[in-house]
Amino acid sequence: MMSRINYDLKLIKGVAFDIDGVLSPAVVPLGDDGVPRRMANLRDGYSIVRAVKEGIHIALISGADTPAVRKRFANMGVVDMYLGNGDKLAWLHEWMDKYNLSYAQVAYCGDDIPDLEPMKKVGLPVAPRDAVSEIKEVAKYITVANGGYGVGRELLEEILRIRNVWPVNDKAFGQ
């Protein structure tokens, strides 16, 4: 099977995602209490669950940090969440060291300037279609989807299909 992504996806053992602008749209409504109310893409969620079940290490590396974000991704089996203000490159290295991942084995999906340094390091830097220009310049793959509208699904489905482990029948939810 051929992939739209010009990278040996069989190398990928870990995928790190930013949240706002990647797994949720870059526009985040605020509640009356000032807390951001992020949208969640169900197809992204399904693909993250599938990737975790197939042994792909998933990390969230994001300035976003709310109980809702932590709960949603924990329910999907994501155990590696580096959230809140911090050095994204340092967090990337901490996560990679935890699983003994090389740069070539990692995809990082980001959309804005704080993601630039981690994206310059990994084997497969990925940007949503509506990412800022500096991020698109370093990306090896730019998704068809805008941030929050299936970016995670697009990337993870390609990785899982190339490994012949993407479910293709009506029993997919039970697998």
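The legends below describe close-up views of a predicted model.

**View 1. The open sheet and its strand order.**
In this predicted model, six strands form an open sheet in the order β3-β2-β1-β4-β5-β6, with parallel pairing. The edges of the sheet are strands β3 and β6 (141–142), each of which pairs on one side only. Helix α6 lies across β1, β2, β4, β5 (124–127) and β6. The direction of α6 is at about 175° to that of β1.

**View 2. Strand β1 between its two partners.**
Strand β1 (residues 14–17) runs parallel to β2 and is joined to it by four bridges. Two residues of β1 illustrate this pairing: G14 has H57 of β2 as its bridge partner, and F17 has L60 of β2. Strand β1 is also joined to β4 by four bridges, again in parallel. In that pairing V15 stands opposite A107 of β4. Side chains in a regular strand alternate between the two faces of the sheet. In β1, G14 and A16 point one way, whereas V15 and F17 point the other way. These four residues are all buried.

**View 3. Two β-α-β units.**
Strand β1, helix α1 and strand β2 make a right-handed β-α-β unit. A further right-handed β-α-β unit is made by β2, helix α2 (residues 67–75) and β3. Strand β2 thus appears in the unit with α1 and in the unit with α2.

**View 4. Edge strand β3 and its pairing with β2.**
Strand β2 (residues 57–62) and strand β3 run parallel and are joined by four bridges. Within this pairing, I61 has Y82 of β3 as its bridge partner. Strand β3 spans residues 80–83, with D80 and Y82 pointing one way and M81 and L83 the other. All four of these residues are buried, although β3 is an edge strand that pairs on one side only.

**View 5. The surroundings of Y82.**
Residue Y82 is found in strand β3. Its relative accessible area is 10%, and Y82 is therefore classed as buried, the limit being under 20%. Apart from neighbours within four places in sequence, Y82 is in contact with A59, L60, I61, S62, W91, E94 and W95. One of these contacts, I61, is also the bridge partner of Y82. The C-alpha atoms of Y82 and A16 lie 10.0 Å apart, with a separation of 66 residues in sequence.

**View 6. Packing of helix α1 against helix α6.**
Two packed helices are described by the angle between their axes and the distance between the axes. Helix α1 (residues 42–53) and helix α6 (residues 151–162) pack at an angle of about 35°, and their axes are 7 Å apart. The crossing of α1 and α6 is left-handed. From α1, the contact involves R43, D44, Y46, S47, I48, R50 and A51. From α6, the contributing residues are V151, G152, R153, L156 and L160. The residues of this contact comprise six nonpolar, two polar and four charged.

**View 7. Residue A139 in the loop before β6.**
Residue A139 is placed in the loop between α5 (133–138) and β6. With a relative accessibility of 17%, A139 falls under the 20% limit and therefore counts as buried. Leaving aside neighbours within four places in sequence, A139 is in contact with M119, P125, V126 and A127. The C-alpha atom of A139 is separated by 9.5 Å from that of L116, a residue 23 positions away along the chain.

**View 8. Asparagines N100 and N164 with positive phi.**
Residue N100 is found in the loop between α3 (88–99) and β4 (106–109). Phi of N100 is near 55°, a positive value in a residue other than glycine. The relative accessibility of N100 is 68%, over the 50% limit, so N100 counts as exposed. Residue N164 is placed in the segment after α6. Phi of N164 is near 60° and is likewise a positive value in a residue other than glycine. N164 has a relative accessibility of 68% and therefore also counts as exposed.

Key: Residues numbered from 1 in each chain as written. Predicted model: local features only at pLDDT ≥ 70, side-chain atom pairs only at ≥ 80, totals over all residues. Heavy atoms only, no water. Axes fitted to C-alpha atoms, helices over the stretch in contact; angles between N-to-C directions. Left-handed = near helix turned anticlockwise from the far one by under 90°. Contact = heavy atoms within 4.5 Å. Nonpolar A, V, L, I, M, F, W, Y, C, P; charged D, E, K, R; others polar. Buried < 20%, exposed > 50% of the residue type's maximum accessible area, 1.4 Å probe, protein only. Pairing = 2+ DSSP bridges. Right-handed = clockwise from strand over helix to strand, strands pointing away.
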